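Me: I would like a close look at the cysteines in this model, with a few other residues for context. Please keep it brisk.

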Amino acid sequence: MGNIDESFFQETEHRPKQSTIEAENIPLIDLSPILTSDSSNSSSEITNLVAQIGDACQKWGFFQVINHGVPSTCREKIERASKEFFFLPTEEKRKVSRDEDNPLGFYDTEHTKNVRDWKEVFDFVVENPTLLPASHEPHDMELMELKNQWPNFPNNFREACEEYAQCIEKLSCKLVELIALSLGLSSKRLNSYFKDQTSFMRLNYYPLCPIRDLALGVGRHKDSGSLTVLAQDDVGGLEVKRKTDGEWIQVKPTPDAYIINVGDIIQVWSNDRYESVEHRVIASSMKERFSVPFFFNPSHYVMVEPLEELTNEESPAKYRAYNWGKFRTTRNLSNFKKLNVENVQIYHFRNGDL
């Protein structure tokens with residue numbers, strides 16, 4: 001990671017604590033009722049599953065899923081390919097470096113909340129190419145194509161990534177349908193928003209950190225998209241800010257489970273019934289960590305606003321509509337450089353006097 005500099009240093013109040021609180025009672029939800037059309041899976045099982053999803057989204061904004069239908073071999077392939085890639089020499093990885101013109105590929109100087117993260121990443125989109133606005137300027141209608149760039153090594157890297165992305169996309173679609181049902185909507189209510197999706201996958205590598213008391217693997221943040229599906233290894237390090245008391249609590253890895261978190265878009269669609277929760281990653285001085293998050297995002301032309309069915313005179317819309325593509329392009333700017341102002345957030349679109 002080169003010479004250590006102060007760009008890694010978190011403000012004192014955001015530095016990791018010496019002791020950690022291990023999460024208790026984070027919902028662990030069994031998805032087996034939706035994996036088959038077997039008549040033995042009664043409507044009561046589905047109803048119970050939907051209720052669990054809704055309760056988890058409302059109280060936590062995070063939950064874990066098991067019996068999710070993703071083959072373990074698929075996950076093993078991408079985890080192995082990820083390690084092989086990140087263990088390559090830096091000059092080899094930088095042959096597929098991302099930049100402001102193409103924010104896909106390898107990167108090792110990403111910022112969160114204007115502080116550099118102690119990590120390396122590799123990003124790729126699910127729909128190749130993916131269309132996004134070329135500029136964050138509101139009146140610039142030009143679009144750009146984001147195209148994946150793949151390294152020459154390891155040999156099976158692209159295959160492992162694309163296969164895994166297909167599996168997680170299917171899981172994400174099922175989860176969004178369950179979330180829709182939990183909000184009292186039809187299961188297919190949100191599907192059209194993902195027709196030309198801007199979803200992307202990230203491979204994370206967190207090297208050993210000699211300044212773990214000063215730096216974070218990823219600084220505190222909320223995910224701006226609709227849904228995140230995370231595979232983390234057995235090292236752990238993910239921390240969630242508990243809603244009840246604001247304490248940072250560590251999410252202990254569960255074998256073969258995925259961690260799901262509600263993103264800002266679902267918070268807006270639900271008109272604050274569900275809330276995107278703040279989270280971060282603690283760096284380790286003892287063991288390297290790997291993770292693979294999938295960010296399930298809608299089409300660039302989608303206008304994000306509270307759903308009509310979830311607003312009325314007693315519960316008016318709490319947000320003004322905003323364009324997802326412009327929002328995403330604006331957020332991308334802060335990944336590459338430290339900004340002098342806070343990055344765009346959904347509360348910038350919040351209606352007043354509510």
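Is C57 buried or exposed? Take that as the starting point, then go on to the other sites.

Reply: The model is predicted. C57 is buried, because its relative accessible area is 0%.

Next, the disulfides. The count comes to zero. C57 takes part in none, and its nearest cysteine sulfur, in C173, lies 16 Å away. A disulfide is a covalent bond between the sulfur atoms of two cysteines.

C74 deserves its own check. Its closest cysteine sulfur is that of C167, at 3.4 Å. A disulfide needs the two sulfurs within 2.5 Å. The C74 sulfur is therefore too far from that of C167 for a bond. C74 is also buried, since its relative accessible area is 1%.

Now two sites on strands. T112 sits in strand 5, which covers residues 111–112. Its relative accessibility is 11%, so T112 counts as buried. Leaving out residues up to four places away in sequence, T112 touches D117, V218, G219, R220 and H221.

F290 belongs to strand 17, residues 289–296. At 10% relative accessibility, F290 counts as buried, because the cut-off is under 20%. With residues up to four places away in sequence again left out, F290 touches S82, K83, F86, F87, N204, Y205, Q232 and D233. F327 makes a useful distance check. F290 and F327 are 37 residues apart in sequence. In space, their C-alpha atoms are 28 Å apart.

Key
Residues numbered from 1 in each chain as written. Predicted model: local features only at pLDDT ≥ 70, side-chain atom pairs only at ≥ 80, totals over all residues. Heavy atoms only, no water. Helix = DSSP H or I, 4+ residues; strand = E, 2+ residues; numbered from the N terminus. Buried < 20%, exposed > 50% of the residue type's maximum accessible area, 1.4 Å probe, protein only. Contact = heavy atoms within 4.5 Å.
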